[in-house]
Amino acid sequence: MAASATPAARAPDSEAALAAALADVPELARLLEVDPHLKPFAVDFQGRYKHFCQLLSNIGESEGGIDKFSRGYESFGIHRCADGGLYCKEWAPGAEGVFLTGDFNGWNPFSHPYKKLDFGKWELYIPPKQDKSVPVPHGSKLKVVITSKSGEILYRISPWAKYVAREGDNVNYDWIHWDPEHSYKFKHSRPKKPRSLRIYESHVGISSHEGKVASYKHFTCNVLPRIKDLGYNCIQLMAIMEHAYYASFGYQITSFFAASSRYGTPEELKELVDTAHSMGIIVLLDVVHSHASKNSEDGLNMFDGTDSCYFHSGPRGTHDLWDSRLFAYSSWEVLRFLLSNIRWWLEEYGFDGFRFDGVTSMLYHHHGIGQSFSGDYNEYFGLQVDEDALIYLMLANHLVHMLYPDSVTIAEDVSGMPALCSPISQGGVGFDYRLAMAIPDKWIQLLKEFKDEDWNMGNIVYTLTNRRHLEKCIAYAESHDQALVGDKTLAFWLMDAEMYTNMSVLTAFTPVIDRGIQLHKMIRLITHGLGGEGYLNFMGNEFGHPEWLDFPRKGNNESYHYARRQFHLTDDDLLRYKFLNNFDRDMNRLEERCGWLSAAQAYVSEKHEGNKVITFERAGLVFIFNFHPSKSYTDYRVGAALPGKFKIVLDSDAAEYGGHQRLDHNTEFFSEAFEHNGRPHSLLVYIPSRVALILQNVDLPN
């Protein structure tokens, strides 16, 4: 059964067409009110919404609703029955025959054949042993045997496998039946959706300072307490879905329902999530539904002996840059598989939502390859849009928020597609947030190409505030992307080789280290305060982690040297990393108290090119940044919306942050009824060079 969604036919920009679109899409009027430039594309939103509704209706008629449809993992794969037997089910439309083999039958490939059903499905029942015990015990190895139409005998891992592992020096992963006698029982309820999202992007495997793959247990015991102390309320876990190639950073998935075994067992991952919940921290999964690994021995590729099955056949089924397979989102069983996968991670592991990887590749037939995305709205509509993938994303968001209304979904999209983060009822795709991907690129560009005195304040402000109204963004100065081999962390761009020799507090500040530490804090705070409605930091970068990320591979002699996080650097009281860690912690804690991320977008009152000063107000706070490398300003007038007495609540120049202590925190700043930069009130402030300040009006209620 196909679930096709063809691009909406372009319609003339007529009143009749607009009226029809407004009638079909319940809240489209709200979207067009916010952005009237989308009116010519109302028919596209109408088409998408109608296809979404039709597909949802089809699922209801054929499957009893999306609730039942998304429970594929309850019947597909292998399941213990009440009588002790096993029920097995697969979808292999291109297969001539399907069999189960493994330790349980001495690896006889044909002794346990599946029975063919309609629509390419196959099923098998294995009765219990005479003593009523299960025929396939927990921990035993299995394979699905496929006989292809061309006569080949293929050994495959079930796409629904819940646990796979690689033994010793084996190249391929083994499917291991996971059915423990005592599974992990969650002790803590899910935290409420945070008012402000402060995300700690994490990778379990590199979370230790040792040159090895770290474990779920290590992360739970050693990293979670750090995240809590730093004031983050959300963890985004990368590289959890099983991937045979470690150096893919978790983006070449081989087993979609299996939590990566290189870090430990499924029960230990559940404990990690549960422990985070006990700390009031929500956990998001980095979900990869944009493509899949080309592996066939231990992946989805060629599962039934054909190049289609879960993927498009021919060139359309391969991503040229990623060398991976592309899902056929119009296929009924692919929709079942992917939507069930979403539900599996929510229900089985207690995840609180997802960061969807590679959304740009999904949205367009060109996958974003060679596209500059100028912002012309015609780029986001028409035949270049993969409507099937877009409708799948609408379904996924609908399912997530239907099951758990407090769930969070984030889109990694570089194209800037309008309405990606608008409600489905408005014709949008339904994501809660999108990543503000232009911001880290701007900081890297400034550090690589411009002297400090040539930084353009207006351009910085533009980049930080250039986002769609009412579509929430996650701002970040750097993520894992910026630290990958070939690039380096912001701290290393700023301080480079001097980080090896001059980070000791026993030595005097060098100009390079001084500049690096001050700008590192300023870049993060202005991104946090001005850049979005959420904030993200990649693990270790909060304290200025040196160097870059590189996973063990042939090109580096399988070295783990750059595949680790050196948390001990910030624990060493004699090193300056602690200053950056302290600042990051207090910045997050102040945001928790004042809530600027959940407040309305900031009002920027000044972006002075000569003085290199930026000032803005948000959540009743006054943010002041002096990026000038050498000039300090006495009695600098700063605009304010409301009168009152102001005090410093965060000062990057404080001693505990590695600053020069040029400001007296007991100073009180009184506003005057003196209009300045479009604000009715103003105050006079001393602003040292390379300093970021936040002032709070203490006359206002907290």
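**A helix pair and an annotated acidic pair**

In this predicted model, helix α1, spanning residues 15-24, packs with helix α3, spanning residues 42-63, at an angle of about 35°, and their axes lie 9 Å apart. The crossing of α1 and α3 is left-handed. On the α1 side the contact is made by Leu 18, Ala 20, Ala 21 and Asp 24, and on the α3 side by Ala 42, Val 43, Gln 46, Tyr 49 and Lys 50. Sorted by class, the contact of α1 with α3 comprises six nonpolar residues, one polar residue and two charged residues.

Further along the chain, the unreviewed UniProt entry places the feature "active site" at Asp 357 and Glu 412. These positions are spread over 56 residues of sequence, yet they cluster in space, with a largest C-alpha distance of 5.5 Å.

Asp 357 sits in the loop between β17 (353-356) and α8 (359-363), and because its relative accessibility is 7%, under the 20% limit, Asp 357 counts as buried. Apart from its neighbours within four places in sequence, Asp 357 is in contact with Tyr 251, Asp 286, Val 287, Val 288, Ser 290, His 291, Met 362 and Glu 412, so that the other annotated residue, Glu 412, is one of the contacts listed for Asp 357.

Glu 412, for its part, is found in the loop between β18 (408-411) and β19 (433-435), and with a relative accessible area of 13% Glu 412 is buried as well. Leaving aside neighbours within four places in sequence, the contacts of Glu 412 are Arg 355, Phe 356, Asp 357, Gly 358, Val 359, Thr 360, Leu 435, Met 437 and Asp 481.

Terms used. Residues numbered from 1 in each chain as written. Predicted model: local features only at pLDDT ≥ 70, side-chain atom pairs only at ≥ 80, totals over all residues. Heavy atoms only, no water. Axes fitted to C-alpha atoms, helices over the stretch in contact; angles between N-to-C directions. Helix = DSSP H or I, 4+ residues; strand = E, 2+ residues; numbered from the N terminus. Left-handed = near helix turned anticlockwise from the far one by under 90°. Contact = heavy atoms within 4.5 Å. Nonpolar A, V, L, I, M, F, W, Y, C, P; charged D, E, K, R; others polar. UniProt positions renumbered as here; feature names shortened; annotations may be inferred. Buried < 20%, exposed > 50% of the residue type's maximum accessible area, 1.4 Å probe, protein only.
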